[in-house]
Amino acid sequence: MSTTAMGQTPDLSTKPASAATIAAQAAERAALPRENGKDAGFAAQGFVATRADPIIRNKDGKPVWNLAAYDWMKGDAPATVNPSLWRHMSILRKNGLFKLADGMWQVRGFDVSNMTVIAGKTGWILIDPLTNRETSAAALELVNQQLGTRPIVAVIYTHSHADHFGGIRGIVSPEEIKTGKVTILAPEHFIKETASENVIAGPAMGRRATFQFGAALAPGPSGQMGSGIGSAVAAGEITLIAPTDTITKTGEQRTIDGVSMEFQMVPQTEAPAELNVMFPDRKTLVIGEIATCSLHNILTPRGAQVRDALAWAGYLTEAIRLYADRTDTVAASHCWPHFGKSEVRNYLTLQRDNYKYLHDQTVRLMNKGLTQAEIAEALVPPPALTNEWTNRGYYGTYSHNSKAIYQRYLGWYDANPANLNPHPPAERARLYVEAMGGAERVMAIAQAAMTKGDYRWSSDILNQLVFADPQNANARALLADSYEQQGYQSEAATWRNMFLSAAHDLREGPKPGSSTTSLDMISAIPTDLLLDSIATRLDPAVIGSAALALNFNFSDRNEKARVTVENAVMISEMGEAHAKPAVTLTGPRQFFLGLFFLKLPLAQLEAAGLKIEGDRTAIEALQAAIETPPNVFNIVTP
């Protein structure tokens, strides 16, 4: 552990497990459930083959995925990895093509998510084509190599998260969709929710996701250990093609290429728009993401809408009632499947009970007056739930989820006026450090806490010191050491990633992360939602008191919009036009994307064919006031 004195050069190296961490890992190991080999058996069952070359590359030859990234995992857990997480990742890292049932397979381990493959009479039906073009194409290549090449006849998106649709252009082309060769099915409101999460809030979520998934960390005993429901998120190109068929209610059925399907709508659970698919002839339920190999997130650390834990449990109850007696195999779009009727029922029941217990007991304590932090500390699941390995918190945690449930009902404010209008973080930190006696005193207290193994307290006060004085290299180094030990001890892969990513940022500085807001995704979003997204980037300091009236004509879509800017607010109305606009712009929608998302010069777009009628200074003023969000911002420093 670092003992850097004030004024000395800080030690920025990765540290081994401390004595306190070694003791914590031993206590964790002693308290774990009995190993019965069931999960490892299910994860290996039906294995067909995997890729000969473990490296998946993009068109430029750059690696985007490594199937061998965790091959170094041998034997027992090192002291730097929680033993429960080590066991979990040793199972989760298995990759390749696996048989689920007659005529059904999954490709697992080629991305954070799974691709499910169903053989129809003539072609393939695919569920959730992974996160990006490259891994999706590699998965389909493996399928065709091992099972025989077939055309794709349909693709199903289970929900509106990028790891369940982003690889679509790796397996089908827009032309195949336009000509009707391929059908794309998705739940109701899929595109709206995709826009909300990946475009409107995409920049902030993308940066936070680098912490949740450990994007800057290399897999290793002191580094990234998966995400809890998969290895990591692949680094390739995220794409999107809009659905051609929408599922709106539970019980809807489709028969495609001779394959019968029944759908269950499960909105406001793991995603705002989500569904499950039952294949009655094959006695297999694809449960999407509402039942996995871990407790999931009611509020994902990367940020999203708070999910409905009560509805989540209710939909699992419905799934048990509708499908359990007809299901021999249940498979999710993450993790491994479960086989056998009794196992299917037991698995779904315990998953359901986990979310119901979380919800009910959080609300019970909330109604007794406990706050978010107090509930998170007090709420412990019963052994009947945590003795089932797949109910443990590798991705979501009771601590984080109980706070989310509280937030859903009561919001962030805990009713204590001291928390109603506190100083902002940097000013509060300055006062905090001053009250404690200055930087050297804070460092001494933190070092003593770390020696005792109280990393929660040391990181709390060191965080104040870093925010009060971001240039204090010794404080940053010691805070990194404190975060690192907490990461080593974390059972949740997400918590490990966030602690270790924080340590990485403090030692090396933040690195730009990937974003789900790809140009391809933006291109697939309806125009009204795109204009709403542009409005969220309007900088009031730049636009000032300007009052603008603009008409936009999207010539390739036969769409028009009336855009009004006043009071530093941008309002868009589809299908309308100003009678006396300051300026009218006409051209394909891609020109408008270039204008506002790529910030291309107006003259360049004019040369390409954008028609501008009227006062060009109006559109110049609007473009100048539209910000391009940064792909990196500080998290663990001001």
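This report describes a predicted model of a single chain, moving from its overall dimensions to its strands, its charged pairs and its aromatic contacts.

## Overall dimensions and burial

The secondary structure of the chain comes to 23 helices and 21 strands. Its radius of gyration is 26 Å, close to the 26 Å that the globule rule gives for 638 residues, and the chain is therefore as compact as a globular protein of that length. Taken along the principal axes, the C-alpha atoms fill a box of roughly 70 × 65 × 55 Å. Of the 638 residues in the chain, 55% are buried.

## The open sheet of 8 strands

One open sheet holds 8 strands in the order 1-4-5-6-7-8-9-10, and the pairing within this sheet is mixed. Its edges are formed by strand 1 (47-49) and strand 10 (245-247), each of which pairs on one side only. From one strand to the next, the twist averages 25 degrees.

Within this order, strand 7 (residues 124-127) and strand 8 (residues 152-156) run parallel to one another and are joined by 4 bridges. At the level of single residues, L126 has V155 of strand 8 as its bridge partner. Strands of a sheet pair through backbone hydrogen bonds, in either the parallel or the antiparallel sense.

## Strands 11, 12 and 13

Strand 12 (residues 259-265) has 6 of its 7 residues buried, so this strand is largely enclosed by the rest of the structure. Strand 11 (residues 253-256) runs antiparallel to strand 12, with 4 bridges between them, and T255 has S260 in strand 12 as its bridge partner. Strand 11 and strand 12 form a hairpin with 2 residues between them, and D257 in the turn has a positive phi of about 55 degrees.

Strand 12 also pairs with strand 13 (residues 275-279), in the antiparallel sense and over 4 bridges. In that pairing, E262 stands opposite M278 of strand 13.

## Salt bridges

Side chains of opposite charge can pair when their charged atoms come close. The count for this model comes to 32 salt bridges. In one of them, D102 pairs with K99, with the closest N and O atoms 3.4 Å apart; D102 counts as exposed because its relative accessibility is 60%, while K99, with a relative accessible area of 36%, is partly exposed. In another, D353 and R352 bring their closest N and O atoms to 2.5 Å. Here D353 is partly exposed at 28% relative accessibility, whereas R352, at 18%, counts as buried, because the limit for burial is under 20% relative accessible area.

The side chains of E377 and R456 also meet in a salt bridge, at 2.9 Å from N to O. E377 lies in helix 10 (residues 372-378) and R456 in helix 15 (residues 455-468), so the pair ties together parts that are 79 residues apart in sequence. Both ends of this bridge are exposed, E377 with a relative accessible area of 51% and R456 with 57%. Elsewhere, salt bridges that share partners join D11, K15, D481, E484 and R507 into one network.

## Aromatic pairs and charges over rings

The count of aromatic pairs comes to 16. The rings of Y483 and F499 have their centres 6.1 Å apart and their planes at 35 degrees, so this pair is tilted. Since Y483 lies in helix 16 (residues 473-489) and F499 in helix 17 (residues 493-508), the pair ties together parts that are 16 residues apart in sequence. Y483 is buried, with a relative accessible area of 11%. F552 and F554 form an edge-to-face pair, with 6.4 Å from centre to centre and 85 degrees between the planes. Both F552 and F554 are buried, and ring pairs link these two residues with F592 and F596 into a cluster.

Charged side chains also sit over aromatic rings in this model, as two contacts of arginine residues show. R108 lies over the face of F98, at 4.0 Å from the ring centre, and the charged end of R150 sits over the ring of W124, 5.1 Å from its centre.

Methods. Residues are numbered from 1 along each chain as its sequence is written. This is a predicted model: local features need pLDDT of at least 70, side-chain atom pairs count only at pLDDT 80 or more; totals for chains, interfaces and linings use all residues. Side-chain values use heavy atoms; hydrogens and water are left out. A salt bridge is a side-chain nitrogen of Lys or Arg within 4 Å of a carboxyl oxygen of Asp or Glu. Buried means under 20% relative accessible area, exposed over 50%, partly exposed in between (1.4 Å probe, protein chains only). Two strands pair if DSSP finds at least two bridges between them. Axes are lines fitted to C-alpha atoms, for helices over the stretch in contact, and angles run from 0 to 180 degrees between N-to-C directions. Rings of Phe, Tyr and Trp (its six-membered ring) pair if their centres lie within 6.5 Å; planes under 30 degrees apart count as stacked, over 60 as edge-to-face and the rest as tilted. A charge sits over a ring if NZ of Lys or CZ of Arg is within 6 Å of the ring centre and within 35 degrees of the ring normal. The radius of gyration is taken over C-alpha atoms; the globule rule is 2.2 Å times the number of residues to the power 0.38.
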